[in-house]
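Thanks for coming. I have one structure to go through, and I will keep to what can be computed from it.

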Amino acid sequence: MPMRIMNGIALLGVSLLVLIPFLSIVSTSLAPRSQVNASGGIVLWPETLSFQAYVQVLEGGAVTRAMWISAFVTVVGTLISLTASAMLAYALARPGLRGRGAMLWTVLVTLFFAPGIIPTFLVVKQVGLIDSIWSLILPTAVSGFNVIVLRAFFLGIPEELFDAAKIDGAGERRILTMIVLPLSRASLSVIGLFYAVGYWNAFFNALIYINDTTKWPLQMIVRSFVVDDSQFTTLDVSLIEQMAAPSSLAMAILVISIVPILIVYPFLQKNFAKGMLTGAVKG
Amino acid sequence: MTSPSTTSPPEQEQLPGPDAPAAWSAGTRPPARSRKRTSTITRPSSVLYLFALPGLLLLVLFHYVPLLGNIIAFKSYLPFIGILESPWVGWENFTDALADQDFYRALTNTLIITFVQVVLVFPAPLVLALMLNSMMSQRLRQTVQAIVYMPHFLSWVIVVAVFQEVFGAAGVINHILRATGGRPLEIMTNPDLFISLVTAQVIWKDAGWAAILFFAALAQIDRNLYEAASVDGASRMRQLWHITMPGLKGIVIMLLILKLGNALSVGFEQIILQQNAVGRDASEVLDTYVYNNGLIGGDWGMAAAVGLMKSIISVAIVLGANKVAHIFGEDGVYRRVSH
């Protein structure tokens, strides 16, 4: 049936639109200097494999430092976000707690009213976080949306479990760590990855709050060397052996910033779509 | 670990007969609205407030305090004396913004980009979902889905960098053009192409994601409807129009309202990343206007005034659109109180 074949060809084309850019990025990062120079910057397929660009980028300098900063912000930030969100969501999910309605509204209002760039900046400045790595974590640490989603999961846990645990003498902390968290492992890991991808990808906070380039996360480095095409110096990467082409170095940085996302992507795709759908599709 | 506050106070247990019922109803009976509770044992303890505290503090500090900080829209902010001490100026910041030519340029660009994105970005995932839906092989379909969904998780910095590698001066397209003797094209730096460029980027990044939402809605449509329609002689186009489209109405309306709520904030990160390349005339939108005039230019009060106007109009649009959806019997973003 020609209709089906046309459909298949169109979808193949759409897939290639996504895949080919990645192919050329990875190829350029792995191509030898001579081939990159001959082709004028971008390579679709490397003649031989050269890991020189990765060696130079990872051997110290601004790029390596930015990578560690991004890793720190992602790991520590996700831990803080997940802990604060889960504890808040748990309190909001327990029936009979006085003031629960008011606390729930405190969270819900943040979903509708964004505070604005200028006043947020002034608050971050007031609490002394300008040029601090913590400005990349604390202002966006708790997402009201994630708290509401976690609360919905916690509400699904049968009340009898809470009652039984209480009768057995368990306190709230014990109920949370021994019953609620183990039962919600799947949803916690989805929300955790959600936060982690957000921290790894964050660019806005660094642009606004970090003036000191030695505290830049990886996304700012990508902007500087890949988007704005800045020149590499010995401060940025190890140039002692100077063997990789500049565009190979840029593409290696790009690959390094994409790889963590690709690693968690299969999990994200499976669970995140499911999570989105419970919220989006009714019935 | 036992929590003392959850067990019944001992004096109540030792109360003499006649007083006992009163004591129970006053102290330990659950309020009528909390069903099936019979003792204080299972009532949540006040330690939960401590659990809620870190999260609430962060929300208050970085959401509510800045919301209050919007008062600088009515002040002439002087950094060295702080927000509270800065003098009030009434509506001056607002009238200043409304008298600024650049503000109207930013507003116009924002509205044009939103309009183009609603018209173009909306149908793309719909078509993609329909194409996926009519694909026979389950395995192939999941592969394509996984590929087109992936860019959604990349940051804007990376998406812009990827576009640069393809369309930039030294990119793949120009590489092929030069190799075949053609003239290189200026795509990333051409102000006239900017709106098409940002729209293409949004489609590349998020069409797969939106398609998944549409695709799930398609899967909920009763297969029998299609069978019945084809028995009655309905063509594929008629089935699409009378069965598929109504089945997608709910999700389309929901995404449309969300898009309208963001009508005034077209991708700050995406645009600020490319502003140097095309210049402010073509690329200034409301968010970059606030950033450039406030954080860069130091005109704090006026920038905050523009930001405040933007937030209020955005909330009004969402609530208004949702109201309209309810009037037409749709759920919108949130459901009406009666499910």
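I will start with the model itself, then take the chains, the contact between them, the core and a few single residues.

This is a predicted model: local features need pLDDT of at least 70, side-chain atom pairs count only at pLDDT 80 or more, and totals for chains, interfaces and linings use all residues. Residues are numbered from 1 along each chain as its sequence is written, while chains are lettered from A and ligands numbered from 1 in the order in which they are written.

Confidence next. The model scores ipTM 0.89 and pTM 0.85. As for pLDDT, the predictor's confidence in each residue from 0 to 100, chain B averages 81, and 85% of its residues score at least 70. Over residues 1-39 of chain B, pLDDT stays under 50. The model has 33 contacts beyond four places in sequence for that stretch, where a contact means that two C-beta atoms, placed from the backbone, lie within 7 Å.

Now chain A. It has 13 helices and 0 strands; helices (H or I, at least four residues) and strands (E, at least two) are DSSP runs, numbered from the N terminus. Of its 283 residues, 44% count as buried. Buried means 20 or more other C-beta atoms within 10 Å of the residue's own, exposed means 12 or fewer, and partly exposed is in between, with C-beta atoms placed from the backbone. The radius of gyration of chain A is 24 Å, where a compact globule of 283 residues would have one near 19 Å. That radius is taken over C-alpha atoms, and the globule rule is 2.2 Å times the number of residues to the power 0.38. The C-alpha trace of chain A spans about 75 × 65 × 35 Å along its principal axes. Among contacts in chain A with a separation of 6 or more, 74% are between residues 24 or more positions apart.

Chain B, in the same terms, comes to 17 helices and 0 strands. Of its 339 residues, 35% count as buried. Residues 24 or more positions apart make up 63% of its contacts with a separation of 6 or more.

How many residues does each chain bring to the contact between chain A and chain B? Chain A gives 82 residues and chain B gives 82 residues. On the side of chain A that touches chain B there are 52 nonpolar, 20 polar and 10 charged residues. Here Ala, Val, Leu, Ile, Met, Phe, Trp, Tyr, Cys and Pro count as nonpolar, Asp, Glu, Lys and Arg as charged, and the others, Gly among them, as polar.

Within chain A, the domain assignment gives domain 1 (22-59 + 237-283) and domain 2 (62-212); such bounds come from an automatic or database domain assignment. The centres of the two domains, taken over C-alpha atoms, are 30 Å apart. Their contact takes 13 residues from domain 1 of chain A and 8 residues from domain 2 of chain A. Helix 13 of chain A supplies the largest share of the domain 1 side, 10 residues. By class, that side has 11 nonpolar, 2 polar and no charged residues.

On to the largest nonpolar core, a set of buried Ala, Val, Leu, Ile, Met, Phe, Trp, Tyr and Cys residues joined through C-beta atoms within 7 Å. Of its 156 residues, those touching the most other members are Leu88(A), Ile221(A), Val222(A), Ile253(A), Leu254(A) and Ala211(B). Helix 4 (residues 62-93) of chain A gives the largest share, 15 residues. Not counting residues up to four places away in sequence, Ile253(A) touches residues including Val57(A), Val63(A) and Phe225(A).

Why is helix 6 of chain A described as largely enclosed by the rest of the structure? Because 8 of its 10 residues are buried. The cover over those buried residues includes helix 11 (204-209) of chain A, and helix 3 (47-69), helix 4 (82-85), helix 16 (286-296) and helix 17 (300-327) of chain B. After helix 6 of chain A comes Gly128(A), with a positive phi near 75 degrees.

The loop between helix 6 (117-126) and helix 7 (144-155) of chain A also holds Asp131(A). Asp131(A) is not glycine, yet its phi is positive, near 65 degrees. Most residues other than glycine have a negative phi. Asp131(A) counts as partly exposed, because it has 13 C-beta neighbours inside 10 Å.
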